[in-house]
Every structure is written in structure tokens, then in C-alpha cells.
Amino acid sequence: MSDAESPGDFGTGPTTDYDDDFEPVEVFPEGDLDLRPGADNCYKCTACDTSCPVAEVDDEFPGPKFQGPEQWRLKRKEDVEIDDSIMSCSNCMRCDDACPSSVPLSQMHNEARGEYVENQMDKLSTEYVRNRILANYGTLARVGSKVPRLTNFVMGNSLVQQVNEKLLGITAERDFPEFAQETFREWWRDRGGNKVTSEEKRIAYFHGDYSNYNTPEVAKAMVRVYEAFGYEIAVPEQRCSGTPMFANGMLDDARRGAKVNVRNFAELIEEGYDVIATCTSCSMALRQEYPELFDIDGVEDVSANTYEAMEYLRIHEDLDAAIEDAEVDMGPLAYHAPCHARNQGLDRQAVELFRNLDGVEVEDVGDSCSGISGTYGWKEEKYGKSMEIGEEMFEHMDHAKGEVGMTECPTCSMQMEHGSGYPIKHPMEVLAEAVA
């Protein structure tokens, strides 16, 4: 077994004991959970504020301490509305990692954002329509991927991009991600599904929308790697993990997808499968955000049995021995650890694994946020701040030896490519070159 740890601690919340006469307070009436224990743990040290990349570049953003425990306390005392600055939180979740008292800050933000969108946002406003489109990328992708060449031509047209910015507030500064000519699920179906059967080594793959529609090469690399280690792979029907919906306060949309995902993956867990994801935001959603936000049968089982793809192999296989005599033709790679990888303690695993792999040299480009934070950097009014947040990463990439980047997050990958011009690899693609 490697030094990677089991994810058993995720989703359990703060462990502080409280008095027996604790009286739940319903601050967010539409929410499933009472957040008083976490709020009372905050002693205003401001560690969360100093770790917030949005607060660093936006003087008007009050920071995660206000968005979480302070706003919660205000609502307990009087019937006040949610402050609209909650929509400027990018949901990077760095505040969770920074808090020394385990205050569930991102959970508070998600609950508050959901209530703000439900009760205070104009459903006919451009902002709501734009956010709904961005949050439900999978719906657009299902349609667009039917005719990928036409969709890529239309969405790549500069005039269309200008119209999208004018009418919807989707920045024209970014290139729309191209759809693959063949989705991962089409490829998986045409090859006849899994090629390995095993009673002991079984994984159910959560590919997410982006690996399915835009970067199936990442999903295929995962299949090659896991089959090389003798794993039986299941690819159940699934919906978006919900990460972009959490960030935009679309909790009803996220809940509908979570019900499908929990039901289908929980059934496979009962048959001996563990869940793996190649996107760290997806594994974060299934592990932490689902049990924090939704009361769904099976959600705790899915949370306790979900892993990031390389993390799972580091726990169950001797990867160092597997790549000891391998050699790849990759050259220097500029690696960025996504915020959601850091939150799961996975930010060093690719650097540690590949440091002794012949043919590759991995250089960590620092601990700054990439700045795109899913849909945040796609909003016209947030684009400048997104690039300002990512500036430190761009500079480090520019000074790194290689001109190829590497990261586990698809939107961090977009930002890295956008800011540097470098092509970006996923660690699973590097591992596939070494072992498959």
C-alpha cells in the first residue's frame, strides 16, 4: 500500500461535542441541514479570508468568513436577505482547507447561494439564464456532440462568441472547448464494454461530462491503465457530478443529477465495485458535497467508496514498482494541482509518482489557484479577475522547463492552455504511456 489515505473522513463534518440541549435552528429553510455547530466553531481568525483567491483580487468581495458564519449569525437574529456577493464566490473550497476549526464554509456557501438563487434572483434576468446554461453544460453537450463538426464550427466562430457575450454575458475571450468526434461512451459501447472480468478487482468509472464529450482520450487512458492492472470496469449511466450547479446555486438541478448518480453507483458498490473519477472536482462532489447537501439513500456509501483514479491505484497497487523500468517520451511537464485536489490531499501525488519515471520531468508550478474555477472564469464580468488570479500560475509555467502542462481538472486545463498556449496532459495519460 502507498502513503495515500482512504477517503473515509470526507462528509462527516465537524466532530466537536455539543450540549445535550442543543436546539436546531432553521436558518436556511430549504436546506436539509442545520449548520449551527460549524458556525459556532468560527472564532474569526480570518485564515479563510487570506486563502481566498477571489478576495485577493476583488476588493468588494467580503470573503468566505462573511459569506459563511457571519451571514449565518445575521440570519439567526433577524429576517435578513442573503447578500448578493455570495454569487461572487467561485466555490474553489480553499477556505475549507484553510480553516483550523473545521467550519463547513463551502457547505454554508452552497446553502446560502442556493437560497439566494431560489428566492432573490430574477429568473428572467440575463445572469440567471446565463448561469443556468453554464451550470447545465451536460445538456448542451448532449445536443452539440450529435453533430460535433458543426457545433465546433459554430461555437468557434468569433461572431457567435461576440453575440454570446453581448446577449448572455459569456466571455468572448475564451475558445469554446471542442467536442470529440466520438464520445467516450460511444467508444466504450463499440468496443463491447469491459475486456477484463474479476471478482476481486472492480471499479465503476465516473467519467463526468467533459471526459465523455470533450476529452475521451483521458477516459480511454484510464481504461488502459486499469485493465493493465487487471480491473473489471463498469461504466453506469450517469449525470453531471453537480459541481457547476453548486457554484451557481442551482441546487434543484444538482439534486436531480445526484439522485441518478447515487442510485446507479450505490447498486454497483453493493456488488463489490469502488467508484473512481478522473476529475478531482467530480470526486470532491461525490465524496463531500453530496452528503453535505443531499439526503439520498446510499449517499454515504457512495461518499465512503469514491476515489480519484490515481489515488485508488496508489492505495491498492505498487505503482512505484510498476513504473520502475518504464520509459515514456513526454519531456518536462509543468504541473498544476487543482484546488479540489488540494482539498482532498492529492496535490502532490502526480509529482511524487512521476519523479523517478524515465522520460518525464515534473515541475510543480506553485500553489496558486488557476482562477477559472469551473464556470466562474466563463462569465464576462469575472473573466478579468479569473486571469488576474491565474497570473502567478502562468508566470511559473512560463519559467518552467517544459512547454506541456499537466493537471487533473478539465477547467484548470482550459485555463492553463488559455494563459500559456501549452497543450495539457492528464496524469492518467502519462501513466498509461508507462504501464499500458
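Two residues are in contact when heavy atoms of theirs lie within 4.5 Å. Keep that in mind as you work through this predicted model.

**Exercise 1. Find which residues Y226 touches beyond its neighbours within four places in sequence, and place Y226 in its core.**

Step 1: Skip the neighbours within four places in sequence, and Y226 is in contact with I203, Y231, I233, I276, A309, Y312 and L313.

Step 2: Now zoom out. The largest nonpolar core has 43 residues, and Y226 is among those with the most contacts inside it, along with F354, L357 and L431.

Step 3: Who supplies this core? At least two residues each come from α11 (184-190), β1 (202-206), α13 (216-228), α18 (309-316), β5, α21 (349-354), β6 and α24 (427-435). The largest share is that of α13, with six residues.

Step 4: There's another core, apart from this one, with 37 residues, including M121, Y128, A277 and I296. As a rule of thumb, nonpolar side chains in soluble globular proteins tend to be buried together.

**Exercise 2. Work out how β1 is covered and which strands it pairs with.**

Step 1: Count the buried residues: five of the five in β1 are buried.

Step 2: Sort them by face. R202, A204 and F206 sit on one side, I203 and Y205 on the other, and both faces are covered.

Step 3: Look for partners. β1 pairs with β2 in the parallel sense over three bridges, and R202 has E232 of β2 as its bridge partner. β1 also runs parallel to β3 (residues 274-277), joined by four bridges; there, Y205 stands opposite I276.

**Exercise 3. Decide whether Q238 is buried or exposed, and trace what its side chain reaches.**

Step 1: Locate Q238: look in the loop between β2 (232-234) and α14 (243-247).

Step 2: Buried means under 20% relative accessible area. Q238 has 10% relative accessibility, so it counts as buried.

Step 3: Follow the side chain. One polar contact goes to the backbone nitrogen of H207, at 2.9 Å. The side chain also reaches the backbone oxygen of P236, at 3.0 Å.

Step 4: Leave out neighbours within four places in sequence, and the contacts of Q238 are R185, Y205, F206, H207, G208, N261 and F265.

**Exercise 4. Explain why C92 has no bond to C339.**

Step 1: Start with the total: the structure has zero disulfides. C89, for instance, is in none, and its nearest cysteine sulfur, in C95, is 6.4 Å away.

Step 2: A disulfide needs two cysteine sulfur atoms within 2.5 Å. The closest cysteine sulfur to that of C92 belongs to C339 and is 4.8 Å away, so the two are too far apart for a bond.

Step 3: Check the surroundings too. C89 counts as buried because its relative accessibility is 12%, and C92 counts as buried because its value is 9%.

**Exercise 5. Put the strands of the β6-β5-β7-β8 sheet in order and name its edges.**

Step 1: The four strands make an open sheet in the order β6-β5-β7-β8, with parallel pairing.

Step 2: β6 (358-364) and β8 (424-425) are the edge strands, since each pairs on one side only.

Step 3: Zoom in on one pair. β5 (residues 327-335) and β6 are parallel over six bridges, with Y335 opposite D364 in β6.

**Exercise 6. Judge where to read this model with care.**

Step 1: Overall, the mean pLDDT is 91, and 92% of the residues reach 70 or more.

Step 2: Over residues 1-25, though, pLDDT stays under 50. Where pLDDT is low, the predicted coordinates should not be read in detail.

Definitions and conventions. Residues numbered from 1 in each chain as written. Predicted model: local features only at pLDDT ≥ 70, side-chain atom pairs only at ≥ 80, totals over all residues. Heavy atoms only, no water. Buried < 20%, exposed > 50% of the residue type's maximum accessible area, 1.4 Å probe, protein only. Polar contact = N/O pair within 3.5 Å; in protein donor to acceptor, adjacent residues only side chain to side chain. Pairing = 2+ DSSP bridges. pLDDT = per-residue confidence, 0-100. Core = buried A, V, L, I, M, F, W, Y, C linked by side-chain atoms within 4.5 Å.
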